[in-house]
Amino acid sequence: MKIIVKTFFGLETVLTEELEELGYHSTEKLNRAVQLNGDWTDVYRLNLYCRCALAVLVEIDQFSIKNQDDLYRKSKQVNWSKWFDADKTFAIRGAVLSTLFRHTQYPFLRLKDALVDHFREKQGKRPNVNLDDPQVVIDLHVRETQVTISLNTSGQPLYHRGYRQATGDAPLNEVLAAGMIRLTKWDKQKMLIDPFCGSGTLAIEAALMATNTPANILRNTYSFYYLTPFRSEVWKNMHAEATDNMNMIKTKSFEIIASDIEQSMTNKAKRNCRQFPFGRFIDIQTCSFQDIIKNEDHAGLLISNPPYGQRLKGDIELLYDQLGSWMKHQLHGFDCWILSASPEGLKHIGLKPNEKIKLFNGNLECSFRKYAIY
Ligand SMILES: C[S@@+](CC[C@H](N)C(=O)[O-])C[C@H]1O[C@@H](n2cnc3c(N)ncnc32)[C@H](O)[C@@H]1O
């Protein structure tokens, strides 16, 4: 089967590296996605393990169209009843970039009609649409005359990891956080510090990596549960093995410090960390970044997304100024990686970045910058 693993802008290379580590050596990098070949066991594995994946799609048909009616006609010929039953709810999502369609919603309606008519004719009953919480999610991709139809085997995006009990105002997306950590090339051994941790996303994603715990070990819903090829025994065994491995972690195998000036935020971070047995090994401190207590003998990695100053503009320059000065004087030997959407703030760090990577935090264009402190 052709499998497409979707990700965020800028994470295609780290996703390819992650897939390589998971044993997928023949991959093709696409725009915000990576393609590979695999079977249904790979689909379960990718959904469970892949930290930089937003969704795992399985392509079920591809054809070209000359006009709008072709979309209906050819989609009706897709063997839908091979993939799921009429008693399942479904939704169609995706992207259409084609001059054949003037109204963006129209191709989705035509595909829905084709699917429903297919079931009615074959089985005398039809599946119902559920836009909010569908069991089966179908992905429609139209690029001019080229149509690709896939099953989105994840359903809810894979950043719904299942560990987030509490969030602050601006939590980092879990998939973005995992991708950022990979971009730093952290070796999982060196001390890792997030001094603006908020609800603890970067620290938790780092601990998941350091303990080789699958990203989605606590998630309990996937769209593949509702597809006909689903073999629950294979999935249950895979999941049980990973859960056993996680529960066997009894000692500290990493040095991760997460701190924030707000007690309300560190309480949230603690609550999220406590979802995992190894969460108690994450050192959570309530303090301003300059007051972090750390082992002075160890150099390491600082990775953080400080405030961007959308609300308090004036203070932000001072904050970045103090951050830069603290990094320069207190973090000798550290690689410091800062994600920010504030060009003004970044200027005030006052250090020359060794690397700059463009990423998006939601709709905000950000720069992810490395400062190696000698
Ligand atoms: C953009 S949020 C970080 C969100 C976090 N990455 C998450 O996933 O929830 C920035 C955080 O910096 C904290 N903060 C602001 N000034 C600080 C300071 N001087 N020292 C430490 N933390 C500070 C805020 O309380 C806020 O939680």
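**Backbone, core and ligand site in a predicted model**

K188 sits in the loop that links α5 (174–183) to β8 (191–194), where helices (H or I, at least four residues) and strands (E, at least two) are DSSP runs numbered from the N terminus. This is a predicted model, in which local features need pLDDT of at least 70, side-chain atom pairs count only at pLDDT 80 or more, and totals for chains, interfaces and linings use all residues. Residues are numbered from 1 along each chain as its sequence is written, and side-chain values use heavy atoms, with hydrogens and water left out.

Although not a glycine, K188 has a positive phi of about 70°. With 30% relative accessibility, K188 is partly exposed (buried is under 20% relative accessible area, exposed over 50%, partly exposed in between; 1.4 Å probe, protein chains only). E144, in the loop between β6 (136–143) and β7 (146–152), likewise has a positive phi, near 55°.

Turning to the interior, the largest nonpolar core (buried Ala, Val, Leu, Ile, Met, Phe, Trp, Tyr and Cys residues joined through side-chain atoms within 4.5 Å) has 117 residues, and W80, I138, I149, I282 and M327 have the most contacts inside it. Helix α6 (residues 201–210) gives the most to this core, with eight residues.

As for the ligand, polar contacts (here, pairs of N or O atoms within 3.5 Å) include one of 2.7 Å between a ligand oxygen and the side chain of D260. A ligand nitrogen lies 3.2 Å from a backbone N or O atom of I261, and a ligand nitrogen is 3.1 Å from a side-chain N or O atom of S288.

Methods:
Polar contact = N/O pair within 3.5 Å; in protein donor to acceptor, adjacent residues only side chain to side chain.
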